[in-house]
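Got a few minutes to look over a model before heading back to the bench? Here's a quick briefing to read alongside it.

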Amino acid sequence: MESQRCKGARDLLPEDMQRFRQVEDTFRNSCINWGYREIKTPTLEYIHLFTASGTLTPAMLGRVYSFLDWDGWGGERVVLRPDGTIPAARLYSENLAGQKIARLYYITNVFAFEETGKENREKWQCGVELLGDCDRTSDAELISLALEVLKSLGIAKAELKLSHAGILKALIGELKLSAATRDALLDEILEGNWQALTGINNSNKAVAGAISTLMNLKGKSSGFLANLKALPSISLNVKKEIGRFAAITELLDTLGCRYAIDFTSIRGFEYYTGLCFKVIANGKKICSGGRYDNLVSLVGGADIPACGFAFYLDETCAMVKPWSRQKAEKTVLIKTAKKSAPFIATAFQIAGALRQAGLIAELDFCGSQLEARWSVTVLDRAQAFIVKDMAKGTQNKVTTVNEVIGIMGGFGKIGK
Amino acid sequence: MPKGKLLARTSEFLTATGLGFDDYNSKTRIYRMQSQTLPALTAKMLNERDIPVQVAIGNYDFGICTSDWLQELQARYPASRVLKIADLSYDLSSIYLACSEASNISPQDISGRPAAWRIVTEYPALAEATACKMRLKRFRIFPCWGSTEAYPPENADLCVLRVRDEKALRSLNLKPLSKICDSNACIIANSDSIQDNDFSSLLKRFALSQKMKDKPWQVPEKALAAISNDFIARAPADNIWLALADGHQQIHTAAFLEKTGIKLVGYAKDNMQRRPSSSLAGVNIKVIRPQDMPQQVANGNFDLAVTGKDWLLDHLYQFPSSPVTELADLGFGRVRIVAVVSEEVPADSIDSIRELISRGKMAPLRIATEYVNIADKYLRDRHIARYRVIPTWGATEVYLPEDADMLIENTETGQTLARHKLKIIDTLFESTACLIGNRRSLELPFKKAKIERLVKIFREAAGKK
């Protein structure tokens with residue numbers, strides 16, 4: 001049969017949703033325990049929220065799902081949310097700006113066009129935002145929270161990579177390029193083409209040297225940053241930014257957090273201003289985040305520091321080991337000897353009572369889908385039941401609901 | 001092969017290739033042609049803007065058009081299956097982002113200022129890509145069918161348009177802010193088709209003509225006299241704006257205005273100005289394309305406009321909450337908007353077409369039309385199971401039967417359709433010229449009286465025989 005599903009769209013089947021909920025629940029529990037509160041933003045936003053300079057790169061804007069709404073005669077387009085952070089910043093500046101600190105989390109879908117249709121055009125993210133008066137302690141909080149979620153998910157071989165947008169922006173500033181050349185260069189780097197930086201025709205040998213040093217060296221401690229800062233080719237502006245980065249890595253060292261510094265590890269940092277981080281597991285990026293102190297003001301709010309991160313659900317789900325699948329131990333199929341109304345009514349009653357007792361009861365008048373240890377058959381319009389234990393191959397005839405529950409409870413594994 | 005302004009030089013080029021398309025000349029009324037040299041080669045004449053789209057979707061293997069429309073298509077759909085195989089180096093021009101000489105805008109302003117820039121253009125995808133690249137914080141794009149230069153500065157801040165060079169741009173009273181790209185005539189090909197087939201005998205002929213010493217098609221043409229676009233800073237804020245049609249509606253509109261007794265200078269075939277002056281106090285007049293008027297009125301760029309009911313409805317079907325409304329039926333320019341199929345289709349109504357599709361005797365419908373929203377609503381309301389609307393820029397008759405299965409077209413007498421062996425299976429509605437207005441301008445006290453006075457004059461004139 002020819003599929004009627006849209007190109008680049010995906011169905012999540014029961015097995016997929018089990019993993020999905022597992023990641024979502026783990027993430028949600030950690031967020032709640034760290035004092036974060038959930039928000040949801042609309043699927044549709046005005047495109048200007050994202051064109052506001054420095055929020056999305058031109059290449060990303062070229063892949064958004066934008067269109068004229070039914071009342072779009074004003075010529076202003078709307079988009080299917082291409083990113084989770086920018087709407088959250090808008091929500092904050094419109095509703096919560098009075099709060100000294102806002103710790104927010106969300107689970108959302110984002111949309112981006114992908115040419116081949118082999119990858120998903122609709123993806124899911126679990127994200128957090130920490131907005132308000134925050135400093136390096138917030139950067140450390142976010143990294144610790146992300147690592148906690150990873151640990152709870154059981155993803156062991158994950159690698160944390162750090163970079164710093166402030167340093168890169170200061171370096172590009174040193175090149176003293178025209179606005180057009182700088183924008184073009186930035187576009188290249190944001191798409192991951194770091195070689196563009198070395199290709200720039202630049203008379204300033206010291207800056208060129210500093211760039212290649214930063215791009216080629218990788219470090220694993222704040223000592224690495226101290227070394228960089230001491231290099232003679234590094235200018236004052238860049239040193240200042242390295243100092244900021246080092247303040248965070250020192251804190252991470254003290255917290256016993258392991259990381260690798262790799263300046264080329266970030267992409268699409270258009271709205272990042274400070275620390276950027278990402279988590280790689282099995283060669284895939286499953287989480288990334290950082291600091292974006294200009295973002296709230298760019299979407300029309302006050303000048304307020306902010307940072308955040310997001311887990312990419314599609315990649316993350318593929319890596320978690322599913323918890324025990326549907327629990328057969330606690331599952332009962334409810335059947336009837338006859339399909340007349342009184343029999344069915346009795347079956348509904350007993351199913352309700354079993355659910356109250358903490359069991360999963362699936363009605364099996366025309367078939368069932370769950371794997372079940374138990375079955376209960378209504379024998380009579382009055383109360384007479386056969387209880388089968390498929391695990392032991394035994395069966396009992398009883399007359400009350402309590403007896404039914406008693407048999408199942410007798411195995412000691414029932415209850416909420 | 002292109003119709004219109006590219007035809008003459010393309011014809012010279014094709015003559016040099018010796019392909020024997022003898023009917024392809026400015027006087028032709030035939031749209032389908034057969035090469036006298038290569039028996040397997042046939043060609044059709046389309047509006048040049050439609051050519052890259054038709055080549056990309058695989059209806060044609062090759063096309064000749066100007067590269068601006070190719071770039072517009074690729075800006076909108078980067079994965080389009082079309083590529084340029086040769087530049088023909090005529091119709092040289094450039095696409096600019098520009099503003100009026102009279103406005104005080106610099107390239108730094110447009111990315112710096114948080115204003116919502118109004119951009120009018122025939123190239124909405126290129127304009128959007130440029131706006132994103134230049135990091136405009138906020139912008140609104142008004143796609144238009146033409147007459148782009150008429151809008152700034154009063155009715156748009158910026159425009160993206162094609163001109164021969166900067167000098168030509170300046171002569172339109174516009175100043176360049178950024179050159180977006182160059183454009184010239186070129187040969188394009190469908191990228192799948194060229195990978196899978198042997199076209200060497202055709203390509204050799206293209207190459208041969210390119211090597212010729214004397215290339216008459218590359219001799220620069222004389223510039224055509226443009227409609228005067230002088231900006232006159234005269235619009236007091238409480239004046240109202242009236243839009244009048246250019247193109248072939250101009251004669252009919254001018255004749256109607258004569259009946260109203262309104263005296264106009266600069267709205268005659270031999271003296272066209274973008275901003276004609278009139279005997280009406282408190283009214284500014286501008287000449288633009290009738291297709292673009294409803295959206296311009298909706299946005300308050302104009303208070304009143306003389307356009308067709310067809311274009312009003314196309315706009316309202318797209319934007320049901322638009323504040324544009326018909327204020328007077330002017331009675332002239334009567335056409336029928338009809339659904340048309342090839343004479344060979346064994347159906348005489350839309351119901352029997354639906355029947356054929358549901359019984360699997362007809363493939364999902366492809367509808368070629370200039371009225372995208374009218375067509376979409378018509379097919380949706382008739383419960384046609386699966387259909388595709390192919391937007392075109394005119395000369396729609398030629399699409400049937402190979403490149404489309406149905407047209408939604410306007411017709412006066414039906415003769416053109418019959419000549420192309422097409423039949424009408426349904427009349428959607430009758431369209432006449434009408435005066436449209438913006439309900440919101442009618443609520444503005446300083447505009448209300450002026451608008452009502454003008455509406456009264458138009459209604460009375462429409463009542464006269």
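What follows is a walk through the main features, topic by topic.

Keep in mind that this is a predicted model. Chain A has 15 helices and 16 strands, and its radius of gyration is 28 Å, where a compact globule of 416 residues would come in near 22 Å. Chain B is split by its domain assignment into domain 1, domain 2, domain 3 and domain 4.

**Chain A overall**

- Measured out along its principal axes, the C-alpha trace of chain A covers about 95 × 55 × 45 Å.
- The domain assignment cuts chain A into domain 1 (14-317) and domain 2 (328-409), and the C-alpha centres of those two domains are 53 Å apart.
- Of the 416 residues in chain A, 36% are buried.
- If you take the contacts in chain A with a separation of 6 or more, 69% of them link residues 24 or more positions apart.

**Domains of chain B**

- Domain 1 of chain B comes in two pieces, 4-88 and 184-218, and domain 2 covers 93-182.
- Domain 3 of chain B is also in two pieces, 240-334 and 432-463, while domain 4 takes 335-431.
- Between the C-alpha centres of domain 2 and domain 3 of chain B there are 25 Å.
- Where these two meet, 7 residues of domain 2 of chain B contact 12 residues of domain 3 of chain B.
- On the domain 2 side of that contact you'll find 4 nonpolar residues, 3 polar ones and no charged ones.

**Where the chains meet**

- Chain B puts 20 residues into the contact between the chains, and chain A puts in 15.
- On the side of chain B that touches chain A, helix 5 (124-133), strand 7 (138-143) and helix 10 (293-298) each bring at least two residues.
- Strand 7 of chain B has the largest share of that side, with 4 residues.
- By class, the chain B side breaks down into 10 nonpolar, 5 polar and 5 charged residues.

**Cores and buried pieces**

- The largest nonpolar core runs to 207 residues, and Ile119(B), Val160(B) and Ile367(B) have the most contacts inside it.
- Helix 5 (residues 136-153) of chain A is the top contributor to this core, giving 7 residues.
- There's also a second, separate core of 18 residues, with Val332(A), Leu333(A), Ile350(A) and Val378(A) among its members.
- Which residues does Ile119(B) touch, leaving out those up to four places away in sequence? Among them are Ala127(B), Ala131(B), Phe139(B), Ile141(B), Leu158(B) and Val160(B), and Arg140(B) is on the list as well.
- As a rule, nonpolar side chains in soluble globular proteins tend to be buried together.
- Helix 11 (residues 309-318) of chain B is mostly covered, with 8 of its 10 residues buried.
- The buried set in helix 11 of chain B includes Trp311(B), Leu312(B) and Leu313(B), but also Lys309(B), Asp310(B) and Asp314(B).

**Strand pairing**

- In chain A, 3 strands make an open antiparallel sheet in the order 2-4-3.
- Strand 2 (44-46) and strand 3 (66-67) of chain A are the edges of this sheet, each pairing on one side only.
- Strand 2 of chain A is tied to strand 4 (residues 78-80) of chain A by 3 bridges, and Leu44(A) sits opposite Leu80(A).
- Over in chain B, strand 12 (residues 264-268) and strand 13 (residues 271-278) pair antiparallel through 4 bridges.
- Those two strands of chain B form a hairpin with 2 residues between them, and Ala268(B) faces Asn271(B) across the pair.

**Backbone oddities**

- The peptide bond from Pro152(B) to Pro153(B) is cis, with omega near 0 degrees, and Pro153(B) is in the loop between strand 7 and strand 8 (158-163) of chain B.
- Another cis peptide bond links Leu400(B) to Pro401(B), with omega about -5 degrees; Pro401(B) is in the loop between strand 19 (387-391) and strand 20 (406-411) of chain B.
- Lys176(A) is not a glycine, yet its phi is positive at about 50 degrees, and its place is the loop between helix 6 (165-174) and helix 7 (179-190) of chain A.
- Is Lys176(A) buried or exposed? Lys176(A) counts as exposed because it has 12 C-beta neighbours inside 10 Å.
- Asp91(B), also not a glycine, has a positive phi near 55 degrees and is in the loop between strand 4 (82-87) and strand 5 (93-100) of chain B.
- Asp91(B) has 25 other C-beta atoms within 10 Å, so it is buried.

Conventions: Residues are numbered from 1 along each chain as its sequence is written. Chains are lettered from A and ligands numbered from 1 in the order in which they are written. This is a predicted model: local features need pLDDT of at least 70, side-chain atom pairs count only at pLDDT 80 or more; totals for chains, interfaces and linings use all residues. Two strands pair if DSSP finds at least two bridges between them. Ala, Val, Leu, Ile, Met, Phe, Trp, Tyr, Cys and Pro count as nonpolar, Asp, Glu, Lys and Arg as charged, and the others, Gly among them, as polar. A nonpolar core is a set of buried Ala, Val, Leu, Ile, Met, Phe, Trp, Tyr and Cys residues joined through C-beta atoms within 7 Å. A residue is buried if 20 or more other C-beta atoms lie within 10 Å of its own, exposed if 12 or fewer, and partly exposed in between; C-beta atoms are placed from the backbone. Domain bounds come from an automatic or database domain assignment. The radius of gyration is taken over C-alpha atoms; the globule rule is 2.2 Å times the number of residues to the power 0.38.
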